[in-house]
Amino acid sequence: MSALAIQNTLCHAFDTFSSASQQLVDSHEILQQQLHQLKNQFTEVDRQRLQEIADKAQLSDRFDHLLEALPTGVVVLDQKGRVQQSNIAADELLGTALLGQFWLH
């Protein structure tokens with residue numbers, strides 16, 4: 001193989017390597033951008049979720065205050081009929097701690 005042929009082969013190999021390297025750099029940049037976008041989306045979802053949790057906690061506090069302020073007895077049951085919550089008036093009226101008890105009809 002002549003020196004010119006070797007030089008041409010080496011130039012072609014270098015061009016191929018340079019092209020492949022540039023493709024890798026471009027792909028890496030695209031992946032970095034996508035990663036940045038995903039991080040931003042997750043941050044926004046987390047912010048929204050934390051806001052929802054705070055809103056629900058505030059609603060729960062309001063409900064608890066309202067429940068305790070009522071002069072009549074109130075008993076809150078779960079789907080299985082177990083007492084989840086009762087106010088002071090209900091506990092005083094029934095004379096027992098109701099939490100966790102099954103409510104019989």
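Let's start with Gln 85: setting aside its neighbours within four places in sequence, Gln 85 is in contact with Phe 63, Asp 64, Leu 67, Val 74, Val 75, Val 76 and Leu 99. Keep in mind as you look around that this is a predicted model. Among those contacts, Asp 64 deserves a second glance, because a polar contact of 2.7 Å joins its side chain to the side chain of Gln 85, a polar contact being a pair of N or O atoms within 3.5 Å. Gln 85 has its place in strand β2. With a relative accessible area of 23%, Gln 85 is partly exposed. You can also look from Gln 85 across to Gln 101: the two are 16 residues apart along the chain, and their C-alpha atoms are separated by 10 Å.

Now move one step along the chain. Ser 86 also belongs to strand β2, which covers residues 83-86. Is Ser 86 buried or exposed? Its relative accessibility is 15%, so Ser 86 counts as buried, the cut-off being under 20%. Not counting residues up to four places away in sequence, Ser 86 touches Leu 67, Glu 68, Val 74, Val 75, Asp 91 and Leu 98. With one of these, Asp 91, Ser 86 shares a polar contact of 2.8 Å between the side chains.

After the strand comes Asn 87, which sits in the loop between β2 and α2, the helix of residues 88-94. Asn 87 has a relative accessibility of 0%, and therefore counts as buried. Around Asn 87, again leaving out residues up to four places away in sequence, you will find Leu 67, Glu 68, Leu 70, Thr 72, Gly 73 and Val 74 in contact. The side chain of Asn 87 also reaches a backbone atom: one of its polar atoms lies 3.0 Å from the backbone nitrogen of Ala 90.

What does strand β2 pair with? Its partner is strand β1, residues 75-77, and the two run in the antiparallel sense over 3 bridges. To find one of the bridge partners, look at Leu 77, which is matched with Val 83 in β2. The hairpin of β1 and β2 has 5 residues between the strands, and in this hairpin Gly 81 takes a positive phi near 85°.

Leu 77 appears again on the surface. Together with Leu 93, Leu 94 and Trp 103, Leu 77 forms a nonpolar patch with about 380 Å² of accessible area. One member of the patch, Leu 94, is found in helix α2. Leu 94 is partly exposed, because its relative accessible area is 42%, between the limits of 20% and 50%.

Finally, travel to helix α1, which spans residues 3-69. Side chains of opposite charge can pair when their charged atoms come close. How many salt bridges does a search of the whole structure find? The search finds 1 salt bridge. Glu 44 forms a salt bridge with Arg 47, and the closest N and O atoms are 2.6 Å apart. Both residues lie in helix α1, 3 residues apart, which is about one turn of the helix. Glu 44 is partly exposed at 32% relative accessibility, and Arg 47 is partly exposed at 46%.

Note on methods
Residues are numbered from 1 along each chain as its sequence is written. This is a predicted model: local features need pLDDT of at least 70, side-chain atom pairs count only at pLDDT 80 or more; totals for chains, interfaces and linings use all residues. Side-chain values use heavy atoms; hydrogens and water are left out. Helices (H or I, at least four residues) and strands (E, at least two) are DSSP runs, numbered from the N terminus. Buried means under 20% relative accessible area, exposed over 50%, partly exposed in between (1.4 Å probe, protein chains only). A polar contact is a pair of N or O atoms within 3.5 Å; within protein, one must be able to donate a hydrogen and the other to accept it, and residues adjacent in sequence count only if both atoms are side-chain atoms. Contact means heavy atoms within 4.5 Å. Two strands pair if DSSP finds at least two bridges between them. A salt bridge is a side-chain nitrogen of Lys or Arg within 4 Å of a carboxyl oxygen of Asp or Glu. Patches are made of residues with over 30% relative accessible area and no salt bridge: like charges are joined within 9 Å, nonpolar side chains (Val, Leu, Ile, Met, Phe, Trp, Tyr) within 5 Å. Accessible areas come from the Shrake-Rupley method with a 1.4 Å probe; for residues, only the protein chains shown count as cover.
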